[in-house]
Amino acid sequence: MSQPAYRRILLKLSGEALIGDESCGIDPMLLGRLADDVAASAQQGLQIALVIGGGNLFRGAALAAEGMDRVTGDHMGMLATVMNALAMQDALERRSVPTRVMSALKVNQVCEDYIRRRALRHLDKGRVTIFAAGTGNPFFTTDSAASLRAVEIGADLLIKATKVDGVFSEDPMTHPEAIFYKRLTYDQAIAERLQVMDTTAIVLCRDNGIPLRIMNIYEAGALARVAAGEDIGSLVVT
Ligand code: UDP
């Protein structure tokens, strides 16, 4: 097996990425497949941090649209990410991958609190480290949490996993003529409002020089290919 091209990456999985064939919640087959890929790369020596969203369970904005207090809805969304993180931890541990969940909200009977220096130590020791509860603040997203944590841990690359092959001018599911961008700049992604990540997340990556790769990780082995230095998906750089 080839040596990883990166020392440390952060992989952002949306909660929806876990739904698979289920109507909501977590598809165990899909979770297992994603865990297989993470395990394979971790076992090759790549340091992997994960941020998992909660959109398969709750989103604050959607709950607020139904009349709930927005902050309460965001708290529910952040707690949803903790559940997803625990599910991924379990899947990884069943594959013998040492894993830690660290939450930005204190739920320390079920997982550790997020403490940056402790997170760095977990990563240095080769433990897959899952950052749960987003940033710990309402009105943010787990995309922003992913770029914040990527900067904090000094990740060499932030990967945003999507269902499509990268960044397109329009949604390729509904617009087959959409143009695919192999390379683009952070400012282009923001100015053209391309479906990359939310603006806060892109700006944090831009201002801290974290390359951002948008790619389909539903293809088995895709993570290992990127870890080995293959240029798949779209790359957002300066
Ligand atoms: N959330 C939040 N602060 C954060 C991260 C997330 O309040 O720093 C809440 C917010 O309500 C969000 C939900 O958690 O809708 C789930 O996160 P997100 O929508 O980013 O999940 P994804 O779309 O990646 O599944």
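## Contacts across the chain

Among contacts in the protein chain between residues at least 6 apart in sequence, 70% link residues that are at least 24 apart. This statement, like those that follow, concerns a predicted model. The secondary structure of the protein chain amounts to eight helices and eleven strands, and its radius of gyration is 17 Å, close to the 18 Å that the globule rule gives for 238 residues, so the chain is as compact as a globular protein of that length.

The C-alpha trace of the protein chain spans about 50 × 50 × 35 Å along its principal axes. Of the 238 residues in the protein chain, 45% count as buried.

## The shell around the ligand

The ligand is surrounded by 24 residues, and the closest of these are Gly53, Gly55, Gly60, Gly77 and Gly134. The elements that contribute two or more residues to this shell are α2 (60-65), α3 (70-93) and α5. The largest share, six residues, is supplied by α3.

Sorted by side-chain class, the residues of the shell around the ligand comprise six nonpolar, 14 polar and four charged.

## The annotated binding site

In an unreviewed entry, UniProt places the feature "binding site" at Gly54, Asp74, Thr135, Gly136, Asn137, Pro138, Phe139, Phe140, Thr141 and Thr142. These positions span 89 residues in sequence, yet no two of their C-alpha atoms are more than 14.1 Å apart, so they gather at one spot.

## Pro138 and Phe139

Two of the residues that the UniProt record lists under "binding site" are Pro138 and Phe139. Pro138 lies in the loop between β5 (128-132) and α5 (142-152), and Phe139 is likewise placed in the loop between β5 and α5.

How exposed or buried is Pro138? Pro138 has 16 C-beta neighbours inside 10 Å and therefore counts as partly exposed, a class that lies between the limit of 20 or more for buried residues and that of 12 or fewer for exposed ones. Phe139, by the corresponding count, has 11 C-beta neighbours inside 10 Å, and so Phe139 counts as exposed.

When its neighbours within four places in sequence are left aside, Pro138 is in contact with Gly60, Arg70, Val71, Asp74 and His75. One of these contacts, Asp74, is itself among the positions that UniProt gives for the "binding site", and another, Gly60, is one of the closest residues to the ligand.

Conventions. Residues numbered from 1 in each chain as written. Predicted model: local features only at pLDDT ≥ 70, side-chain atom pairs only at ≥ 80, totals over all residues. UniProt positions renumbered as here; feature names shortened; annotations may be inferred. Helix = DSSP H or I, 4+ residues; strand = E, 2+ residues; numbered from the N terminus. Contact = placed C-beta atoms within 7 Å. Rg over C-alpha atoms; globule rule 2.2 N^0.38 Å. Near = placed C-beta within 6 Å. Nonpolar A, V, L, I, M, F, W, Y, C, P; charged D, E, K, R; others polar.
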